[in-house]
Amino acid sequence: MIRHLKSGTSSEARAEADRQVRETVEQTLAAIETRGDGAVRELSEKFDSWSPSSFRLTQAEIEQAMAEVSAQDLEDIRFAQAQIRAFAEAQLASMQEVEVETRPGVVLGHKHLPINAVGCYVPGGAYPMVASAHMSVLTAKVAGVKRVVAAAPPYQGKPHPAIVTAMHLAGADEILVLGGVQAVGAMAIGTETIEPVDMLVGPGNAFVAEAKRQLFGRVGIDLFAGPTETLVIADDTVDGLLCATDLLGQAEHGPTSPAALLTNSEKLAEDTMAAINELLTKLPTAEIARKAWEHYGEIIVCSSHDEMLQVADEMAYEHVQVMTEDPELYLQKLSNYGALFLGPRTNVAYGDKVIGTNHTLPTKKAARYTGGLWVGKFLKTCTYQRVLTDEASAEIGSYCSRLCALEGFAGHGEQANERVRRYGKRDVPYATAVDP
């Protein structure tokens, strides 16, 4: 039996909020399309009180920002990037190019080609999301992307030194101090001073996520990554304090960040709710976390692990933290999630900041059909074919001719027929299928 001890905001209220975001983004992107730099500057002034002579940092400005980063912070950034680079390089090594002779004289293959230009958005409004620079810029560079543009909003009236440092060390070719829809819109559409990119990646708030959705097709995107989601699956092998800590640790992302506990222990559910109420009296980010928990928090009690597996796959959350007697069960059986965090010794923050896996992950049930950002997202797997002999061309051509006739494509069929005539030395009437 599945019971909700606590539910979040109604789906109707969420749909209305989504509608308002959609309309705002449509108007903003239309302004950037029409007025370019002028619209971008107005939006930056309106939302960030930021209007420099150029949104692109010079080398001198980058060096100045890096000089403001402490030695310890610099060491920590380098450590995190080393972990992320190592895992991205291992993923890249797993992606083999293929060339195979499927029939005598017929060679098929595929190559992995990096995207030429990528725009990486790094959130930095409420919190300076330094880690997002590692996850996007560095991973793109490992994949071989030639031009990586990184953009982040100003923080407290200036470029955030640690974000700029992380972007630069990760290999960004251009760094823009520009935030929100105006940043992703400028990178995708292009302006008088910003050359457009081929793909947008990186997390962001609801407006950034909607902008990426609306721009998809004009450019590629990594995935629909909206407000962060966290699901903690736990049983009585852990306590309420640990569950509450992990839930609120992600709820602080923003007031629309869902956080849910899924458990087969009613006692753990009650203890977690009590621990959340206590932690909200002392957590420095409690103002944001409380709103997220009140409106988007859930506690669901199930009667078995099978029920918890069922509910978790239906929820298809971005982060799924498993703290049960047998976390491997969930690794083997869950199919819909952005990333798994197995056992009490790990947690979502490790993945967000330092451990090496990517933190740009699918939200709003997109985990049903996609995984998160990884080195492969920056590569196009492109096929090629090569026919080496006359005999092979005539053989394939004969089959192709008849299959084209089956579909009624006479012009397609003639492409095949002409090869059969030339390389098979056969007399094939025009627009007639080749006899077996």
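Helices (H or I, at least four residues) and strands (E, at least two) are taken here as DSSP runs, numbered from the N terminus. The model is a predicted one, so to speak of local features a pLDDT of at least 70 is needed, and side-chain atom pairs count only at pLDDT 80 or more, while totals for chains, interfaces and linings use all residues. Residues are numbered from 1 along each chain as its sequence is written, and side-chain values use heavy atoms, with hydrogens and water left out.

Asparagine 205 sits in the loop that runs between strand E7 (199-201) and helix H8 (206-215). With a relative accessible area of 43%, asparagine 205 is partly exposed, that is, between buried (under 20%) and exposed (over 50%), using a 1.4 Å probe and protein chains only. Its side chain gets to the backbone nitrogen of phenylalanine 207 at 3.0 Å. This is a polar contact, meaning a pair of N or O atoms within 3.5 Å; within protein, one must be able to donate a hydrogen and the other to accept it, and residues adjacent in sequence count only if both atoms are side-chain atoms.

Asparagine 205 also turns up in the UniProt record: the unreviewed entry lists Tyr121, Gln182 and Asn205 under "binding site". These three are spread over 85 residues of sequence yet cluster in space, the largest C-alpha distance being 12.9 Å. UniProt positions follow the numbering used here, feature names are shortened, and annotations may be inferred rather than shown by experiment.

Glutamine 182, for its part, belongs to helix H7 (residues 180-189). Glutamine 182 is buried, at 4% relative accessible area. Setting aside neighbours within four places in sequence, its contacts (heavy atoms within 4.5 Å) are Ile32, Val40, Leu43, Ser44, Phe47 and Asp48.

Now for aspartate 222, which is placed in the loop between strand E8 (220-221) and strand E9 (230-234). Aspartate 222 is buried too, with a relative accessible area of 4%. Beyond neighbours within four places in sequence, residues in contact with aspartate 222 include Met199, Leu200, Val201, Thr360, Leu373 and Lys377. Two polar links stand out for a closer look. The aspartate 222 side chain has a polar atom 2.8 Å from the backbone nitrogen of glycine 202, and a polar contact of 2.7 Å joins the side chains of aspartate 222 and lysine 212. Along the chain, threonine 237 is 15 residues from aspartate 222, but their C-alpha atoms are 37 Å apart.
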